[in-house]
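Biologist: I'm new to this one, so please pick a single topic and stay with it. I'd like a close look at cavities, in plain words.

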Amino acid sequence: MTHTRECRQVSGDELADQAEALLSDGYRLGLVAAHDDGDRLRVVYLFLAGRPDRRVELEITTPAHDPAVPSLAYLSFPMSRFEREMLDLYGIMPVGHPRPRRLVRHAHWPQAWHPMRRNAGPATQFEPDGRFPFVTVGGPGVYEIPVGPVHAGLIEPGHFRFSVVGETVLRLKARLWFVHRGVEKLFEGRAAGDAVDLAERISGDTSAGHALAHSLAIEDALGMEVPEPVHRLRAMLVELERLYNHATDLGALANDVGFALANAHAQRIREQLLRLNADVTGHRLLRGAIRPGAVTLRELPDPARLRHVAADLAEVAELTLRNGGIRDRFTGTAVLSPDDARALGCLGYVARGSGVCTDARLDHPTVALPVTSAAGGDGDVLARYTIRRDEFAASTELAVHLAETHTGPLQATASIHPREGTGVGIVEGWRGTIVHRVEVDGEGRITRAKIVDPSWFNWPALPVAMSDTIVPDFPLANKSFNLSYAGNDL
């Protein structure tokens, strides 16, 4: 489907006024991407609006020897974090930022080393005594509980510091980027049609979502037109990815309050869905099926099989919520208010559970689909559980519809013709809206890839929701958000 995209070159004096006007007109900040063009650095601010699909980029340049841009942190919390990321990785100073402290680079990183710059080279000696300062919350009876970054389970590293009185959390600070992998740097120099394997590994449980966002961005940059049946098959794969992840977490949430039986059945359902994925694409995580200009399926999912799984999961969810003790633990726990969700720029089921309707399938569609997107609830664990339960049922029906109405081959490939260009890909992944922006040179090689997983926007919401929540409910609250470390720590 069509969208409008506009790129405006702006000066420092014009930047704030135009950004304010876009936000006032209903746009949201999609990403901020810095670029190293040699003697100058360039910053692109992407603003998005839906229904109809509109995309506006504001572009500003600054000298490489002393890079600085006016800070827009006063406009939104997400903007302030993008600026801190840009300062860490490119050394571009956001002039006027209220707290331009480190975000990505931990305290032991070399002060003057900015790894995304062309001339960064390998890291110099790391600072062994570097420490990250945490705000200390004082008062009678207040104590701290540090958790991580190394955890007991199969989980990526993240540090959580609780300031607690009794069992009640006064303040939670989450510290991430312990495994910053330099993923965006790895895209540089790769052929436009040969980087999807890297996109699939941005966040392993969102392989199809990131592969599709990357492919859409490449197709946009190269001016490729993809037939509607291809878009429909790709959309079906993203729904299959939503199904197995939602089933997994609905079981895990039950397990966190001691209902191991529901979790066992949910994991059984997850295994059925992973086997279905393997039948459809040859890979349990749906890898290898989506590429720029292409889609490859082995077979369509069996509608009867999908509907049977959906009925099975609905029964598990009903039994879970019928338990009074479980419903009591879910209700009123880790509440994220609608105002906080909007201010933080939350996406996906986290936003929808707080009554904020956001869905890229409706706002930025690639093809017309009968999408049912629900939003509502009290912003607590119960709301995030029920939203995902309802999304499972809706996604099943959407996948069934796409399978039953498909005509034609299950494989399609388009030729890739190199040309210089920029492109944006937007996909509603199972966690929320994924945005990829790429730049391609005349030889068809990627010169810059900027990736934003919805976890980037949703991670700051977890500490907010934990305020006045008891410490024993942290695992439950954390699972109800289920944010990606890998998708954040690029």
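Modeller: Here's a walk through the cavities, starting with some ground rules.

What you're looking at is a predicted model, where local features need pLDDT of at least 70 and side-chain atom pairs count only at pLDDT 80 or more, while totals for chains, interfaces and linings use all residues. Residues are numbered from 1 along each chain as its sequence is written, and side-chain values use heavy atoms, with hydrogens and water left out.

A cavity here is a set of points on a 1 Å grid over the protein atoms alone where a 1.4 Å probe fits but cannot get out. By this rule, the model has four cavities of 30 Å³ or more; a volume is the space filled by probe spheres set on the points, which are joined across faces, edges and corners.

Let's take the largest cavity. Its volume is about 170 Å³. The lining, meaning residues with an atom within 4 Å of a point, is made up of 15 residues. If you want to find the spot on screen, look for A235, R361, T366, L369 and E428, the lining residues that lie nearest the centre of the largest cavity. Which elements give two or more residues to this lining? They are α6 (228-255), α12 (360-363) and β13 (421-428), with helices (H or I, at least four residues) and strands (E, at least two) being DSSP runs numbered from the N terminus. Helix α6 gives the largest share, four residues. As for chemistry, the lining of the largest cavity has nine nonpolar residues, two polar and four charged. In this count Ala, Val, Leu, Ile, Met, Phe, Trp, Tyr, Cys and Pro are nonpolar, Asp, Glu, Lys and Arg are charged, and the others, Gly among them, are polar.

Now for the second largest cavity, at about 110 Å³. You'll find 16 residues around this one, and E85, H180, E184, K450 and L490 are those nearest its centre. Four elements share in the work: α2 (77-90), α3 (183-187), β15 (446-452) and α17 (485-488) each bring at least two residues to the lining of the second largest cavity. Sorted by type, that lining comes to nine nonpolar residues, four polar and three charged.

So, to put the pair side by side: the largest cavity has four charged and two polar residues in its lining, while the second largest has three charged and four polar. Nine nonpolar residues turn up in the lining of the largest cavity, and nine in that of the second largest.

How values were computed:
On a 1 Å grid over the protein atoms alone, a cavity is a set of points where a 1.4 Å probe fits but cannot get out, and a pocket is an open set with protein on both sides within 12 Å along at least five of seven lines; lining residues have an atom within 4 Å of a point.
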